[in-house]
Amino acid sequence: MENDGGGLASDPDVVIVGGGPAGCSAGVFLARYGLDAVIFDRGPASLRRCAYLENYLGFPAGIDIETMYDLMHDHAATAGCEVVSDTVEAVARSGDGEFVVRTQDDRTVTAERVVAAARYDADFLRPLGSDEMFAVHEHEGERREHFDRDYPNPDGATPIDGLYVASPAGDTEAQAIMASGRGARVARTLLADVRRERGFPEAIAPHWDWRRKEATLTGEWTDRDRWDAWFDEQVDGDDDIAEGQLLELREQEIDRRVATYVSEAEIERRTERGHKRLLEHIDDEYILEAAREIEGRTKASGRGGGQ
């Protein structure tokens with residue numbers, strides 16, 4: 001699911017440095033909202049040092065690392081991310097405030113926001129010039145520096161506008177599933193900031209990414225006027241939003257929320273699509289073996305029913 005970056009846009013909304021659980025999780029949430037996100041992933045990764053992943057929820061017999069990476073990158077790409085096999089060497093700030101991201105393969109892209117999600121190395125952030133990012137420690141008599149894992153806020157935001165840290169970040173990276181959750185949390189922090197900048201009222205700036213059953217959309221909530229009233233209730237007197245912009249935002253938000261309700265037919269369609277997509281990541285040999293076992297059970301059941 002990776003590419004060589006040949007068609008890479010020079011100005012995505014977000015650059016994510018690191019394509020492990022934290023980076024891919026962040027990418028899925030950001031891209032599903034509609035942001036143009038690029039994930040750079042090449043270099044040392046802690047998960048690749050794992051022999052076999054046995055405690056990631058949803059895989060009762062565990063999962064091998066290569067398949068896990070394929071699934072993560074496939075998910076990010078399907079959501080809309082561009083996953084590029086390249087290493088980010090430096091992140092700096094341009095004169096107009098954008099981030100300038102330079103890679104090992106001599107690519108340069110600009111972005112409004114950057115998510116650091118590479119566990120082992122944050123040296124690429126040094127050009128930003130914040131001494132507070134790095135702490136000093138002694139090792140065998142030598143003075144060394146390391147990224148201060150307490151530098152980002154718990155939600156991933158940092159004192160540098162537009163810079164978010166999913167990793168390195170304390171104990172949240174101790175397990176793959178924790179890192180995934182960290183990436184999602186940081187993405188939601190970023191999305192809330194984006195929505196605030198776009199003018200959404202503070203009460204609804206946080207974004208929730210989930211689907212609801214259409215059958216639960218009942219009563220007064222089937223009426224568009226009720227949604228209009230709900231949105232107006234979220235606007236605080238301190239929200240400085242022009243009336244025309246407020247009306248536009250109201251229509252956008254209500255359209256988005258109503259679209260999260262999914263019919264039974266659509267649920268079935270997505271379920272079928274999801275199962276088939278998983279099959280693409282399973283070795284054909286195992287699929288054929290399972291098919292033969294199913295065929296054998298079916299034949300045996302048929303013989304038993306005719307006796």
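Phe147 and Tyr151 are both buried, and they make a good starting point for a walk through this predicted model. Their ring centres lie 6.2 Å apart with the planes at 75°, so this pair counts as edge-to-face. In total, the structure holds 6 aromatic pairs.

Another of these pairs brings together Trp230 and Phe231. Here the centres are 6.3 Å apart and the planes meet at 65°; since planes over 60 degrees apart count as edge-to-face, the Trp230 and Phe231 pair is edge-to-face too. Both partners are buried: Trp230 has a relative accessible area of 14%, and Phe231 has one of 0%. Ring pairs also join Trp230 and Phe231 with Trp221 and Trp227 in a cluster.

Aromatic rings have charged company as well. The two arginines below each lie over the face of a phenylalanine ring.

| Arginine | Ring | Distance from ring centre |
|---|---|---|
| Arg126 | Phe134 | 3.8 Å |
| Arg195 | Phe200 | 4.2 Å |

Now to the sheets. One is an open sheet of 5 strands with parallel pairing, in the order S3-S2-S1-S7-S10. At its edges stand strand S3 (82-84) and strand S10 (163-167); each has a single partner strand, so one side of each is left without a neighbour in the sheet. On average, neighbouring strands in this sheet are turned by 20° against each other, direction ignored.

Within this parallel sheet, strand S1 (residues 14-17) pairs with strand S2 (residues 37-40) over 4 bridges. Val15 has Val38 in S2 as its bridge partner. Helix H1 (residues 21-33) packs on the sheet and touches S1, S2, strand S7 (113-117) and S10, with its direction at about 160° to that of S1. Helix H3 (residues 176-197) also packs on the sheet, where it touches S1, S7 and S10; the direction of H3 makes about 165° with that of S10. Arg195, met in the table over the ring of Phe200, falls within the residue range of H3.

The other sheet to look at is open and antiparallel, with 3 strands in the order S4-S5-S6. Strand S4 (88-93) and strand S6 (108-111) are its edge strands, each pairing on one side only. Neighbouring strands here are turned by 25° against each other on average, again with direction ignored. Strand S5 (residues 99-103) pairs with S6 in the antiparallel sense over 4 bridges, and Phe99 has Ala111 in S6 as its bridge partner.

Key
Residues are numbered from 1 along each chain as its sequence is written. This is a predicted model: local features need pLDDT of at least 70, side-chain atom pairs count only at pLDDT 80 or more; totals for chains, interfaces and linings use all residues. Side-chain values use heavy atoms; hydrogens and water are left out. Two strands pair if DSSP finds at least two bridges between them. Helices (H or I, at least four residues) and strands (E, at least two) are DSSP runs, numbered from the N terminus. Axes are lines fitted to C-alpha atoms, for helices over the stretch in contact, and angles run from 0 to 180 degrees between N-to-C directions. Rings of Phe, Tyr and Trp (its six-membered ring) pair if their centres lie within 6.5 Å; planes under 30 degrees apart count as stacked, over 60 as edge-to-face and the rest as tilted. Buried means under 20% relative accessible area, exposed over 50%, partly exposed in between (1.4 Å probe, protein chains only). A charge sits over a ring if NZ of Lys or CZ of Arg is within 6 Å of the ring centre and within 35 degrees of the ring normal. Contact means heavy atoms within 4.5 Å.
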